[in-house]
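The following exercises ask you to read a single protein chain from its overall fold down to individual side-chain pairs. Try each task on the structure before turning to its solution.

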Amino acid sequence: MIQKIIAIFTLSIAATAFPHADHAHVDVDSAWIRPTVKGQMGTGGFMKLTAREDLRLVRVSTPAAKIAEIHEMRTSKADVNVMEMRAVAGIDLPKGKTVEFNPGGYHLMLMELTQVLAVNSTVPVTFYFKDPKGAESKLDLKIHVGRLPSAGDAAVMHKH
């Protein structure tokens, strides 16, 4: 329960670029990014997203990587014994339905990292959304680096 409360984030809206009026669109739970070592150029991010209204996650960004994308891992259409990973243009977040980002499914892909992502650090990540009418909004987070944070990690999982 405490982790759920800690991980609930509100949208940060820039009035001119993102005119959406409602500030509480998406709940984020169990967010984490896989740590890296020196010389490693990519890693993944995982979480559960629950939208409070129909939204589409259209892109992500972070200063920790030159390239940040939404990826999908799925079985190859050509060979069911092969998994394929590819960038997707966006993900629909139906109102009230939790969409999981996990190894082997949807995930954040951070490439051309600008720094080592050490265990117990945080990474600023911005999520960009569109509602069915095309109104844009964004969510600024600091995501914990390391496997699934516990309720004691209140200080490192918070709205930016």
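## Exercise 1: The surroundings of N102

Task: Locate N102 in the predicted model, and determine which residues N102 touches beyond its sequence neighbours.

Solution. Begin with the chain position: N102 sits in the loop that links β7 (98–101) to β8 (106–113). Next, consider the solvent: the relative accessible area of N102 is 29%, and because buried requires a value under 20% and exposed a value over 50%, N102 is classed as partly exposed. Finally, list the contacts: once residues up to four places away in sequence are set aside, N102 touches F46 and H107. The pair N102 and F46 is separated by 56 residues in sequence, yet the C-alpha to C-alpha separation is 5.1 Å.

## Exercise 2: The overall fold

Task: State how many helices and strands the protein has, and in what order the elements occur.

Solution. The count comes to 1 helix and 11 strands. Reading from the N terminus, the order is α-β-β-β-β-β-β-β-β-β-β-β, with the helix ahead of the strands. Turning to contacts with a separation of 6 or more, 63% of them join residues 24 or more positions apart. Of the 160 residues in the protein, 42% are buried, and the accessible surface is about 8200 Å², with carbon and sulfur atoms contributing 55% of that area.

## Exercise 3: Strand β9 and its partners

Task: Identify which residues stand opposite Y128 on the strands that pair with β9, and describe the contacts of F127.

Solution. Take the pairing with β3 as a starting point: strand β3 (residues 55–61) and strand β9 (residues 122–130) are antiparallel over 5 bridges, and in this pairing R59 is opposite Y128. Then move to strand β10 (residues 136–144), which pairs with β9 in the antiparallel sense over 9 bridges; there, K138 is the bridge partner of Y128. The strands β9 and β10 form a hairpin with 5 residues between them, and G134 in the turn has a positive phi of about 95°.

For F127, look first at the largest nonpolar core, which has 31 residues and in which M47, L57, F101 and F127 touch the most other members. Leaving aside neighbours within four places in sequence, the contacts of F127 include M47, L57, L108, L139, L141 and I143, and among them are also R59 and K138.

## Exercise 4: Salt bridges

Task: Describe three of the 4 salt bridges in the structure, and decide whether D27 is buried or exposed.

Solution. Start with D27 and R52, whose side chains meet in a salt bridge at 2.5 Å, N to O. Since D27 lies in strand β1 (residues 26–33) and R52 in the loop between β2 (42–51) and β3, the pair ties together parts that are 25 residues apart in sequence. D27 counts as buried, at 11% relative accessibility, whereas R52 is partly exposed at 37%.

Continue with D92 and R56, which form a salt bridge at 2.9 Å, N to O. D92 belongs to strand β6 (residues 91–93) and R56 to strand β3, so this pair ties together parts that are 36 residues apart in sequence. R56 is partly exposed, with a relative accessible area of 29%.

End with K130 and E136, which form a salt bridge whose closest N and O atoms are 3.7 Å apart. K130 is partly exposed at 35% relative accessibility, and E136 is partly exposed at 29%.

Methods. Residues numbered from 1 in each chain as written. Predicted model: local features only at pLDDT ≥ 70, side-chain atom pairs only at ≥ 80, totals over all residues. Heavy atoms only, no water. Helix = DSSP H or I, 4+ residues; strand = E, 2+ residues; numbered from the N terminus. Buried < 20%, exposed > 50% of the residue type's maximum accessible area, 1.4 Å probe, protein only. Contact = heavy atoms within 4.5 Å. Areas by Shrake-Rupley, 256 points an atom, 1.4 Å probe, with all protein chains shown as cover. Pairing = 2+ DSSP bridges. Core = buried A, V, L, I, M, F, W, Y, C linked by side-chain atoms within 4.5 Å.
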